[in-house]
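Trainee: I'm new to this structure. Could you show me how to read it, one feature at a time?

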Amino acid sequence: MPDANRNLLNRPLAEGIRRVGFRKWYERELLSGHAHMLLTLLSTIALMASFEAFNGASTGEKLLNVLFVIVCAAIALWSLRRYLYLLMHAEAIANQANCPQCTEYGRFTVVQDDKRTGETEVCCRKCSHSWRIFP
Ligand SMILES: [Zn+2]
């Protein structure tokens, strides 16, 4: 789970709800996730370009290309992993965002947040029913 002080773009759920509300938090998670998807795409293109540059290159250039391939592959894998995590996490939370009592979506406040387990107890703003959201 990302640390709030380290990662300003993707705040933990409880802090995100307190600062901007659930809907905005969810929107930001999705935007951030798709930015990582774009980075995956761009680094994959750069990876293919690095392979293409092997043709007719000198030994020094080939060594440099190997470095580019490693860097591009590392960025592509990291951003793909991050993209999938952000999307899956946002979806898992969104699936629990309906009030079990009145089915209102995404309108709740944080009652309590357990930093150890990541569970967040929330309270519906419409009917005041409270339930737990699991990470
Ligand atoms: Zn409710």
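Mentor: Let's begin with contacts: two residues are in contact if their C-beta atoms, placed from the backbone, lie within 7 Å. In this protein, 50% of the contacts with a separation of 6 or more are between residues 24 or more positions apart.

Trainee: Is there anything to know about the model itself?

Mentor: It is a predicted model, where local features need pLDDT of at least 70 and side-chain atom pairs count only at pLDDT 80 or more, while totals for chains, interfaces and linings use all residues. Residues are numbered from 1 along each chain as its sequence is written.

Trainee: How many helices and strands are there in the protein?

Mentor: Helices (H or I, at least four residues) and strands (E, at least two) are DSSP runs, numbered from the N terminus. Here you'll find 3 helices and 3 strands, in the order α-α-α-β-β-β along the sequence. The radius of gyration (taken over C-alpha atoms) is 21 Å, well over the 14 Å from the globule rule (2.2 Å times the number of residues to the power 0.38) for 135 residues, so the protein is more spread out than a compact globule. Its C-alpha atoms fill a box of roughly 70 × 25 × 20 Å along the principal axes.

Trainee: What span should α3 have?

Mentor: The expected span of a helix is 1.5 Å times one less than its number of residues. For the 36 residues of α3 that gives 52 Å, and the end C-alpha atoms are indeed 52 Å apart.

Trainee: Which residues of α3 are buried?

Mentor: A residue is buried if 20 or more other C-beta atoms lie within 10 Å of its own, exposed if 12 or fewer, and partly exposed in between. In α3 the buried ones are Cys72, Ser79, Tyr83, Leu86, Ala90 and Ile93, and their cover includes α1, α2 and β3 (130-133). Across the protein, buried residues make up 18% of the 135.

Trainee: And where do the buried residues of α1 lie?

Mentor: An α-helix has 3.6 residues a turn, so residues three or four places apart point the same way. In α1, Leu13, Ala14, Gly16 and Ile17 are buried. Seen down the helix axis, they fall within an arc of 165° (using the directions from the axis to the C-beta atoms), so they line one face of α1. Among the elements covering them are α2, α3 and β1. Just after α1, Gly21 takes a positive phi of about 90°.

Trainee: Which residues touch the most other members of the largest nonpolar core?

Mentor: A nonpolar core is a set of buried Ala, Val, Leu, Ile, Met, Phe, Trp, Tyr and Cys residues joined through C-beta atoms within 7 Å. The largest one here has 14 residues, and Leu13, Ile17, Phe22 and Trp25 touch the most other members. At least two residues come from each of α1 (13-20), α2 (22-52) and α3 (59-94), with α3 giving the largest share, 4 residues. Leaving out residues up to four places away in sequence, Phe22 touches Ile17, Ala97, Gly106 and Phe108.

Trainee: Is Glu29 buried or exposed?

Mentor: Glu29, found in α2, is buried, with 22 other C-beta atoms within 10 Å. Beyond its neighbours within four places in sequence, Glu29 contacts Asn10, Leu86, His89 and Ala90.

Trainee: How do β1 and β2 run?

Mentor: Two strands pair if DSSP finds at least two bridges between them. Strands β1 (residues 108-113) and β2 (residues 120-124) are joined by 5 bridges and run antiparallel. Asp113 stands opposite Thr120 in β2. Their hairpin has 6 residues between the strands, and there Gly118 takes a positive phi near 85°.
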